[in-house]
Structures are given as C-alpha cells and as structure tokens.
Amino acid sequence: MIAGGGIAGIAAGIRLAQAGAKVVVVETRKKLGGRATSFVDVRTGQTLDNCQHVALRCCTNYLDLLERLGVIDEIEWHDRQFWIERGGRTSVVKRSFLPAPTHFSPSVAMLSFLSLNEKRLLAQCMLAIMRVDRSQWVTRTFGEFLSQHGQTDRLIRRFWEPVIVSACNLGVARAAASSALQVFQEGFCAARTSADIGIARVPLVMLYDSAEAVLARAGGELRLGTSVRSIGERKVTVSSGVGPDESLLCDRVICALPPERVGDVMDPQIVARDPRMGAMARITHSPILGVHLRFDRPVLLTPHAVLVEGSVQWLFRKDDEGTSIHAVISGADEWMPLSEAEITQRVLADLHAYLPGSAGATLLSSRPVKEKRATFACTPEVEQIRPPVAAPRGESEILLAGDAVQTGWPATMEGATRSGYMAAAVVLGKEPRGLLVPDVAPAPLARAFGLRG
Ligand SMILES: Cc1cc2nc3c(=O)[nH]c(=O)nc-3n(C[C@H](O)[C@H](O)[C@H](O)COP(=O)(O)OP(=O)(O)OC[C@H]3O[C@@H](n4cnc5c(N)ncnc54)[C@H](O)[C@@H]3O)c2cc1C
C-alpha cells in the first residue's frame, strides 16, 4: 500500500510495479502529482500548473521516472539562462565548449550586472565550493559560508541569493549550507550539461497519465479521490467519502504523505515507538507564490528570465509570443498576507521596471496561486531532523517517502523521486540506495579542482 500519489508515491509505485509487485496507491485528490500538478482555473477554464516546475539535467532519478512513464520527450531543454537588470539590460549565462567546471566562465566574464572584483570573488568562492565536504556544513547556513569566503552583500543579493532562493526555497541567510553547496557542486560544477533547465511542454498532470496502467499491469490499482484515514503496520483504512471506511490488508506500507499529515493518520502506538514520526511533525515549511499573467501583447521575449534583485525572482514565458507569463516568488513569506490585487500590483511594478516594453501592455488576467506549505524549510535545524526512509533500529516497518525524508537533496521533484525509489528498494529487500540512478559523475577537470562525486 502506498499512501499519497505525489511524485514520491508515484515513483515508489512505478518501481515496485515494474518489479512485479502488486501495489495499491491511494490518493485523496482526483488526480496524481500532489504539489507538482495542475488545476483547471474556474475563472478561465484553462488548465494551469499550480506553479512552474523546473528540473535540471542533474536530476537523474526524476528524469529516469519520466522515462519510465514514457514522457521524457515532453521536457524541453534550455542550455542558457537570461538575467535581466532594472531597465532591461540582459546578460546570458550559457555553457561554452570548455570542460566543466570552466564551462560557464566565458559568459560569467561578460555579465553586466557584476563588477570585475565581484566576478573574481565569485570565481574564488566557486573553487572553495568544489573543495568543501558539504556534510561538514549541515549545521550552518549558506550565508555563513559566503561571508567566510569574503562575498560582498551586493554580490550575494545579485547572484547567490536568486540562485539559492529558487533552488532551496529559502534565502542564503536561512538555507542550510549543505543544501546550497549541493546545488552548486552537482548543478553548476560537475558536468557541462548539469545545469540545463528542463521545463514540461504539457501541463504537469499529464506527465502521470500512464502510471495507472503500469500499476494495473502488475495486478495493482490506483485509487483516486480516496483518503487514507489510518495507517498500521499491515493495515490501511481508507475512505472514498461514499459508504463506510474500508480496511485494506497489505505486506508493507509506504507512507508518502506530506510531513504534516503523517501524525494525523499514523497508529499512535507506532508514533510512540518510532521517532521518525515525531520528526515529520516538527518539519517546518517555506511558501512559494506563482502568478499566472496574460497580456494583450508580447511582454517577455526570452523563454525565461531571472530578475536581478527583483522581488519576483523568475519569469517564464508560457506561450510562443510571450503574452502569457508565469512569475515565481520563492521563500515568499512576506507575500502570503497580501490580497490578489496587491500581489498583481507588485508583480506588475517589477515587470515594468525590468521589461520596460511591458508598460504599454494591458493585463487581461492575473491568477496568483499561494502555496503556504510549498516545501519543507531546508534550514540547518530541519536538515538535522529529516528522517530516514526506513526505521534505523526496526522501531516500525513503515517506510517513509516524500521530499522531506533524508535524500541528500533539497525539496525537489528529484528528492521526492529518490525517496520513492529508496522506499521501493527496501520493500524489494535491497539496501535503500539499491534502485537509485547514479549521480552525474564529476568531469575530470572538476575532480582535479577537488570536486568529489
Ligand atoms: C509552488 C511550488 C513550486 C515548486 N517548484 C519546484 C521546481 O521548480 N522544481 C522542483 O524540483 N520542485 C519544485 N517544487 C517541489 C516539488 O513540487 C515537491 O518537492 C514534490 O512535488 C513533493 O512530492 P511528494 O510526493 O514528496 O509530496 P506531495 O506532492 O505533497 O504528495 C503527497 C500526496 O499525498 C496526498 N495526500 C495527503 N493526505 C492524504 C491522505 N490522507 N490520503 C491520501 N492521500 C493524501 C496529497 O494530495 C499529495 O498528492 C515546488 C513545489 C511547489 C509547491
């Protein structure tokens, strides 16, 4: 039995079904995907993603899952990033023919929003990042790492902050250094293509269309619109809202629910003897705000944009012309109390400041989507309590999956996939890492600079 049909639950279900196991996945909503899914906007009838989701080429397990679901070709790859300053001046960060980790050097040398001295400091810090053992930095913030390596406030605001707040959903002052270091070590330094940006061409919910058939081929089943009411070692009670609750017996349970929901359904005796359950309840969250905007004429001419020191961090073009765009604000605590009108006003102010051509465009619609519990907050405190997939001393046989368990990754689709693969491995009698797709191996020159796989 797998409780929860987010990416972690789907990943566990697919690996188990493909290994011949009969799996039942129970998902409370009428669709798969959890936080990485789509909804129909009642105001316009459009299918919108709850927020833009981006994968990088270093997300080896997530890409493997898409391959298994038969949808890997639905990902469109971008090998460059567009950084825009107030006034509209644009710098392009793109990989060159040079080997990793020097592949971005030519375009970083040309960045118009950093001074020569800032580029020198950035290069020195990247060298330090390649050499550092990130496991030694779990208890400290990335802000501490950056100040230890002489990074100035302006350089932090202009470069480090936008990368980290988008990747970790927390700013450098709060994000655990270990998580941020992982982003740069694996995403930027290991291989030339690691940081390529992958964006789904179709609504996210469509990526999971084949999952039900894969489960069914192994004799399993997908139960949508069905809530898990209670979880025991060998029994899960579910309710579809029609008729009485149903108790389902099983050999093993994978609990792939969001961390804050685990305590509501777990057998109190298991909670009392398995400290992982209490740890899940103590995990705190960080919000993300996504705003879908539609204009009467093109406003964004590049496929995406990072706004240097913007309150909006990323813009994504959602149609060929650039009339539909999606604005993303990660680590969005201060935006959560704002009304839709206030949010739209603030986002428009940024658009007009960074894309001066947008000032003449008429806004046709704006749809902010607040996700208060978008991801777990990857602070040093939370990093130290993320529980393992399996109970280390056999306190219970329940397997935990979900982006918040110990995967070594921030809260991402890759982390969620890894957790699902790890739980499936344990069910199949393997060690937790037994089904994981290996990380991208660091290039020889990156190794020479000190980067270890
Ligand atoms: C706004 C936003 C933007 C993001 N952007 C990115 C990005 O660009 N790149 C990236 O890699 N990641 C991104 N993420 C993070 C990513 O979406 C998550 O890390 C990932 O989807 C988590 O998957 P999960 O399976 O662990 O959890 P969830 O998706 O939360 O899945 C848990 C499932 O359990 C279900 N459930 C809850 N209670 C019950 C119950 N009682 N019975 C049955 N089912 C239940 C839920 O409905 C849900 O489907 C973003 C997240 C958000 C919210």
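The ligand in this predicted model is surrounded by 33 residues, with Glu27, Arg35, His53, Val54 and Asp403 the closest; a residue counts as near if one of its heavy atoms lies within 4 Å. Sorted by type, that shell has 15 nonpolar, 12 polar and six charged residues, with Gly put among the polar ones.

Here are some backbone contacts to ligand oxygen atoms, where a polar contact is a pair of N or O atoms within 3.5 Å.

| Residue | Distance to a ligand oxygen atom |
|---|---|
| Ile7 | 3.1 Å |
| Gly34 | 3.5 Å |
| Val54 | 2.8 Å |

On its own the ligand exposes 1,000 Å², and the protein buries 93% of that (Shrake-Rupley method, 1.4 Å probe). Helix H1 (7-18), strand E11 (227-231), strand E19 (363-376) and helix H14 (413-427) each give two or more residues to the shell; helices here are DSSP runs of at least four residues, strands of at least two. Domain 1 (2-37 + 59-69 + 200-282 + 379-435) and domain 3 (285-376) each supply at least three shell residues, going by an automatic or database domain assignment.

Now the cysteines. With a disulfide taken as two cysteine sulfur atoms within 2.5 Å, the count is zero. Cys125 is in none, its nearest cysteine sulfur being that of Cys189, 10 Å away. Why is Cys378 not bonded to Cys168? Their sulfurs are 4.3 Å apart, which is too far for a bond. Cys378 is buried at 0% relative accessibility, and Cys125 is buried at 1% (buried means under 20%, with a 1.4 Å probe and protein chains only).

Residues are numbered from 1 along each chain as its sequence is written. Local features need pLDDT of at least 70 and side-chain atom pairs 80 or more, while totals for chains, interfaces and linings use all residues, and side-chain values use heavy atoms, without hydrogens or water.

How values were computed
Buried means under 20% relative accessible area, exposed over 50%, partly exposed in between (1.4 Å probe, protein chains only). A polar contact is a pair of N or O atoms within 3.5 Å; within protein, one must be able to donate a hydrogen and the other to accept it, and residues adjacent in sequence count only if both atoms are side-chain atoms.
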